[in-house]
Amino acid sequence: MERKMLGLKLTDKISCKEIRNKTQVSDIAQYIAKQKWKWAGHVARLQDNRWTLRVTEWQPRIGKRSRGRQARRWRDDIVRTMGNTWTREAKDKEEWRRDAEGLILQWMDGA
């Protein structure tokens with residue numbers, strides 16, 4: 001769509017990054033990842049026993065798993081990037097925000 005906006009063709013051999021810089025359109029996948037990261041930090045800092053915290057820490061299966069691909073949970077992406085201690089690290093709000101940019105890009109590369 002951005003190529004069409006600029007009147008470019010695939011044969012023009014212009015990279016997506018260059019096109020993104022010209023159009024100043026933000027990457028929706030990066031925006032979604034950033035919002036998920038912010039929400040994860042918020043949920044990790046909750047003090048009471050709200051349903052958001054309980055659902056995040058919920059382990060859905062007990063016993064034998066069904067056939068097929070393993071079900072991915074909301075927190076699996078964060079655990080893959082930060083490790084199992086992500087909730088402790090998210091308690092420090094300023095550090096969590098500081099680490100966000102580089103880790104979101106790392107997170108998106110692994111997805």
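These are my notebook entries on a predicted model of one protein.

**Confidence**

I started with the pLDDT values. The protein averages 79, and 92% of its residues score at least 70. I then went through the elements: α3 has the highest mean pLDDT, at 85, while α7 sits at the bottom with 74.

**Core**

Next I looked for nonpolar cores. The largest one holds 13 residues. Trp37, Ala40, Ile78, Met82, Trp86, Trp96 and Ile104 are the ones with the most contacts inside this core. Which helices feed it? I find at least two core residues from each of α3, α5 (76–82), α6 (86–90) and α7 (93–110).

I picked Trp86 for a closer look. What does Trp86 touch once its neighbours within four places in sequence are set aside? My list reads Ala40, Ala44, Thr56, Arg75, Ile78, Val79 and Trp96. Ala40, Ile78 and Trp96 from that list also turn up among the core residues with the most contacts.

**Salt bridge**

I ran the salt-bridge search and got a count of one. The pair is Glu2 with Arg20, and their closest N and O atoms are 2.8 Å apart. I noted where the partners sit: Glu2 belongs to helix α1 (residues 2–6) and Arg20 to helix α2, so the pair links parts of the chain 18 residues apart.

Are the two partners buried or exposed? Glu2 counts as buried because its relative accessibility is 15%, which is under the 20% limit. Arg20 has a relative accessible area of 30%, so I put it down as partly exposed.

**Surface patch**

I also checked the outside for nonpolar patches. Met1, Met5, Leu6 and Val25 make one of about 430 Å². Where is Val25 in the fold? I located Val25 in the loop between α2 (16–23) and α3 (28–44). Val25 comes out as partly exposed because its relative accessibility is 32%. That value clears the patch rule, because the rule asks for over 30%.

**Leu105**

Last lookup of the session: Leu105, which I found in helix α7. With a relative accessible area of 42%, Leu105 is partly exposed, because that figure lies between the 20% and 50% limits. I then took a distance from Leu105 to Lys34. The C-alpha atoms of these two residues are separated by 9.3 Å, although their positions lie 71 residues apart along the chain as a spacing. I flagged beside this entry that α7, the helix of Leu105, has the lowest mean pLDDT among the elements.

Conventions
Residues numbered from 1 in each chain as written. Predicted model: local features only at pLDDT ≥ 70, side-chain atom pairs only at ≥ 80, totals over all residues. Heavy atoms only, no water. Patch = residues over 30% accessible without salt bridge, like charges linked within 9 Å, V, L, I, M, F, W, Y side chains within 5 Å. Areas by Shrake-Rupley, 256 points an atom, 1.4 Å probe, with all protein chains shown as cover. Salt bridge = Lys/Arg side-chain N within 4 Å of Asp/Glu carboxyl O. Helix = DSSP H or I, 4+ residues; strand = E, 2+ residues; numbered from the N terminus. Buried < 20%, exposed > 50% of the residue type's maximum accessible area, 1.4 Å probe, protein only. Core = buried A, V, L, I, M, F, W, Y, C linked by side-chain atoms within 4.5 Å. Contact = heavy atoms within 4.5 Å. pLDDT = per-residue confidence, 0-100.
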